[in-house]
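Please walk through this structure with an eye on its side-chain contacts. Keep the sequence and the 3D view side by side.

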Amino acid sequence: MGRHVIAADVGGTFTDVVLAGPDGTMTVVKTLSTPDDPTRGILAGVRGVLDASGTDPADVGRFVHATTLATNAILERTGADVAFVTTRGFRDLLTLGRYARVEEDRFDLLFEPPPPPVPRSRCFEVTERVDARGAVLVPLDEAQARDVARRIAALRVDAVAVSLLHSYANPAHERRFAEILAEELPEGVTVVVSAEIFPELREYERATTTLMSAYVGPVMVRYLGALEQRLRSIGIDARVQVMESSGGVMSAELAGRRAVATIESGPAAGVIAAQATGARLGRADVISFDMGGTTAKACAIRGGVPDVTREFHVGGKGSYGGRRAGTGVPIKVAAIDLAEVGAGGGSIAWVDDGGALRVGPRSAGSQPGPACYGLGGEEPTVTDANLLLGYLDPATFAGGTMRLDPERGATAIRTRLAGPLGVAPEAAAAAVHDIANAVMASAVHVVTVQRGIDPRGYALVAFGGAGPMHAARVAERFGIATIVVPPACGVGSAAGLLVTDLSTERVATRLMRDVDVDELADIYLGLTTAALEDLGLADAEVARSVDVRYRGQAHDLTIALPDGELTKAVLDEVVERFYAQYRQAYGIAPRDPVELVSYRVRVVHRVPAVPFVEVAAEGDGAPEGSRPAWFDGAFVDTPIYRRATRRGRPPVPGPLVVEDAESTVVVPPGWSLRVDATDTIVLTSLEDRS
């Protein structure tokens, strides 16, 4: 270590910045996000932590960043102007799509599928054909390819996505066409080929993944370039590293080339924070529960490892924390498997046409924000409800940097909710709080019960600005008896960035039934070499895996390979593990012949983790005071503690509230609170919830 590390996480409502010194001392600043230019919010936070800690900018040796830029560009359709090129006969691939009618769409007689990511007028085809084994059936027509390149040049697009049929098996045509594009297109136009981004089976998913990388790549490059420039302007010369969706970080340069790998950047950082917290407490099975201003996210961490998916959907429809296949844009990159719901502190509460109270998914965001922010918002939110219920102190919100206006929040609840529902404002606020808990519990249900996991043996790791306020009530729905609230919980994703390692993944597809061990070893050697080059390293940790499926099936399971030499005995063991994993997933496991499909390597360069610091308790452990707070249908005079005063002291039963600079922890009746010497809060159920 020896130098300071800064981590910055840009959310929909707040931008969180954490500075960690070589000794583990952390300085935290929360600022409102600036959607028009996220770098403004980041710079405000960076200046804040530098000033508060007295750190010289030149002493910052690492800057790690999580961003929603790629996700927002796709959802808001604000990415680059892109042209799409594929094999002759497949021009309408994106227009046809693969859209499923789900939820309310199934009953809409006038239903129209959403428009394709790229209009048909910007989709082109070239004459060529490669089969699934990589054999050239039709050579690339270079004259036609050059004509297509010139027609694309006339459109003055920012980027071109190239996804030719079966290029994962033989990328020669794609690479040659990319060379032709480079010769014909103006300087600065980005060319993205599927063999570089996603060299795997499934032409539609490969096309959309490549297209989205081209769509957000130029935006990401400009953004990261501007961020590095602004950091240098205040004296920070550390290169920016960007969180990737699967739990590691990559260089800004690699993030620009593979922008699609950053789509789940921020949520992934929070899961890594929960994983590190569980490991430090000796708990390998935990549930990450991250509630911010806009959304709430949940992830199951089993045996110390978060679940990872290799396909997710951006902007897809769904309910109760899940996303339905066939909706949104499918992305085929490794990503931590999360369930996400539109329930955050800024989620708007509203009464629908049937007179039912609803919460989310619309959010007040940071502009104008909840009504109690006093920035022009008039619609009631979860934060307004929590303020009215006495869980929040208007004077200490966000570390005292923003004073809340209780009257504005109460007025919004009274006029928009309590009046139409015919109930008291407190009852309306309590209903908003309860509904938000139910919505967030659905995300936990998706990653546990729905996947065959009994959550009662897990600890819930709660973070995010609003997570610790709701964690106990969410945990009660599943019989979870332990809740952990880590230090700096209000900036959990940013804190998670401090313990991430530099990593990347490479993959190749080649169907093998009769496996040649030497050929397989050569494939893994090539993938490892390419991944090390991506990171600019000569050596690092390498994890190998292989996708296996039954012959004749279309889908596969990923099986980890052991370290060391590949032998027939090792491959026989892989097949046995496939049978076992298949049985776990589907309840049956016929011992039929299998085939290998894709080969993966993940290269990881370990970064020294910021140490946790043990500190002595402050004060005598007594409450700072008390205020009325809502528990079990009535206001109760509730003691208010600071976390620092309870370090290392005996547990204290609820109801109580613990206030932090970045968050508030609500401990209802039936729970006890203990704070260890590292400022980690542990809530323990006093009831039998089994």
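C123 is buried, at 1% relative accessible area. The model is a predicted one. C489 is buried too, with a relative accessible area of 0%. Which cysteine sulfur is closest to that of C489? It belongs to C372, 19 Å away, and this is too far for a bond. A disulfide here needs two cysteine sulfurs within 2.5 Å. By that rule, the structure has zero disulfides.

Next come the charged contacts. Side chains of opposite charge can pair when their charged atoms come close. The count of salt bridges in this model is 51. Take D337 and R451: their closest N and O atoms lie 2.9 Å apart. D337 sits in the loop between β19 (335-336) and β20 (339-341). R451 sits in the loop between α12 (425-447) and β23 (459-463). The two residues are 114 apart, so this salt bridge links distant parts of the chain. Are the two partners buried or exposed? D337 is buried, with a relative accessible area of 18%. R451 is partly exposed, at 33%.

Now look at E378 and R416. Their salt bridge has its closest N and O atoms 3.6 Å apart. E378 lies in the loop between β22 (357-363) and α10, while R416 lies in helix α11, so the pair ties together parts that are 38 residues apart in sequence. E378 is exposed, at 56% relative accessibility. R416 is partly exposed, at 36%. Another salt bridge joins D352 to R358, with 3.3 Å between the closest N and O atoms. R358 is partly exposed, with a relative accessible area of 39%.

Some of these contacts join into a network. Salt bridges link E200, E244, R310, E505, D547, R600 and R602.

Turn to the aromatic rings. A pair of rings is described by the distance of the centres and the angle of the planes. How many aromatic pairs does a search of the whole structure find? The search finds 12. In one of them, the rings of Y391 and F631 have centres 5.8 Å apart and planes at 50 degrees, so the pair is tilted. Planes under 30 degrees apart would count as stacked, and over 60 as edge-to-face. Y391 lies in the loop between α10 (382-388) and α11 (406-421), and F631 lies in strand β29 (residues 625-631), so the pair ties together parts 240 residues apart in sequence. Both rings belong to buried residues: Y391 has a relative accessible area of 5%, and F631 has 3%.

W630 pairs with F635. Here the centres are 5.1 Å apart and the planes meet at 85 degrees, an edge-to-face arrangement. W630 is buried, at 17% relative accessibility. F635 is partly exposed, at 36%.

Ring pairs also build a cluster from Y550, F578, Y579, Y582 and Y586. Y524 has a charged neighbour: R544 lies over the face of its ring, 5.7 Å from the ring centre.

Finish with the backbone. Strand β9 (residues 159-162) pairs with strand β10 (residues 190-193) in the parallel sense, over four bridges. Within this pairing, A159 stands opposite T190 in β10. How does the chain get from β9 to β10? It passes through helix α5 (residues 172-184), and this β-α-β crossover is right-handed.

Notes:
Residues are numbered from 1 along each chain as its sequence is written. This is a predicted model: local features need pLDDT of at least 70, side-chain atom pairs count only at pLDDT 80 or more; totals for chains, interfaces and linings use all residues. Side-chain values use heavy atoms; hydrogens and water are left out. Rings of Phe, Tyr and Trp (its six-membered ring) pair if their centres lie within 6.5 Å; planes under 30 degrees apart count as stacked, over 60 as edge-to-face and the rest as tilted. Buried means under 20% relative accessible area, exposed over 50%, partly exposed in between (1.4 Å probe, protein chains only). A charge sits over a ring if NZ of Lys or CZ of Arg is within 6 Å of the ring centre and within 35 degrees of the ring normal. Two strands pair if DSSP finds at least two bridges between them. A crossover is right-handed if, with the strands pointing away from the viewer, the path from the first strand over the helix to the second runs clockwise. A salt bridge is a side-chain nitrogen of Lys or Arg within 4 Å of a carboxyl oxygen of Asp or Glu.
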